[in-house]
Amino acid sequence: HLAYVIYTSGSTGKPKGVMIEHKAIVNRLMWMQKQYPLNNTDRVLQKTPYSFDVSVWELLWFSMVGATLVMARPGGQNDPQYLSKEIANNDVTVLHFVPSMLSAFLQSQDWPRDTTVKRVFCSGEALGGNLIAAFDAIETSAELHNLYGPTEASIDVTYWDCAEYRGDGIVPIGRGISNTQLYVLSSTGTPVP
């Protein structure tokens, strides 16, 4: 049964409404909870606009285990100083950045040394090795994870732990999440070995 409709240009570049079924979003949330367990002491920052698919896991994941949802003000996702205060004042443990915003955040703010952040997820754009290096340079105990997936596939279909980065400029999109199959296609849309 249909859970929600979200609009995207997705992998085709043509705007369309994408219909996501309950089983797809439940699979995505169950995978995330198994891979990156939250508990009732966690605090997830919800800052992604509702028109983007990442907002779905921000809005639903926490409720599976009784964690706390910290809601940023509308437009707050674009203000590094505001985000820094929200993260510190609300003891945020989990948050998401598109790579360009993580870069802006790291350039404009000193990452709080006493932060409670355990995990930072990046998706929505290609994550570059230079940004992983900049994140590592802040000497935080927080983990950085690269997620990838088109909106049509219930937010993310691959994941990769950036601690595995070797500094060679290649940042993998990683392995498939539970109950997914990934195919590499040629420019004509046919499977390749």
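This passage looks at charged side chains in a predicted model, beginning with the salt bridges and ending with a glutamate that lacks one.

Six salt bridges turn up in the structure. One of them joins D156 to R28, with N and O 2.4 Å apart. D156 sits in the loop between β7 (143–148) and β8 (158–161), while R28 belongs to helix α1 (residues 22–35), so this pair ties together parts that lie 128 residues apart in sequence. Both ends are tucked away: D156 is buried at a relative accessible area of 1%, and R28 is buried too, at 1%.

Another of the six links E143 and R119, at 3.2 Å from N to O. Here strand β7 supplies E143 and strand β6 (residues 119–122) supplies R119, so parts 24 residues apart in sequence are tied together. The two partners don't share a setting, as E143 is partly exposed at 35% relative accessibility, whereas R119 is buried at 13%.

R73 and D79 also form a salt bridge, their closest N and O atoms being 3.1 Å apart. Relative accessibility comes to 42% for R73, which makes this arginine partly exposed, and D79 is partly exposed as well, with 24%.

R73 comes up again with E86, a residue of helix α3 (residues 80–89). E86 is buried but has no salt bridge. Side chains of opposite charge can pair when their charged atoms come close. For E86, the nearest side chain of opposite charge is that of R73, 6.9 Å away, and a salt bridge needs a nitrogen and an oxygen within 4 Å. Leaving aside residues up to four places away in sequence, E86 touches V70 and V92.

Methods:
Residues numbered from 1 in each chain as written. Predicted model: local features only at pLDDT ≥ 70, side-chain atom pairs only at ≥ 80, totals over all residues. Heavy atoms only, no water. Helix = DSSP H or I, 4+ residues; strand = E, 2+ residues; numbered from the N terminus. Buried < 20%, exposed > 50% of the residue type's maximum accessible area, 1.4 Å probe, protein only. Lys, Arg positive; Asp, Glu negative; His and termini not counted. Contact = heavy atoms within 4.5 Å.
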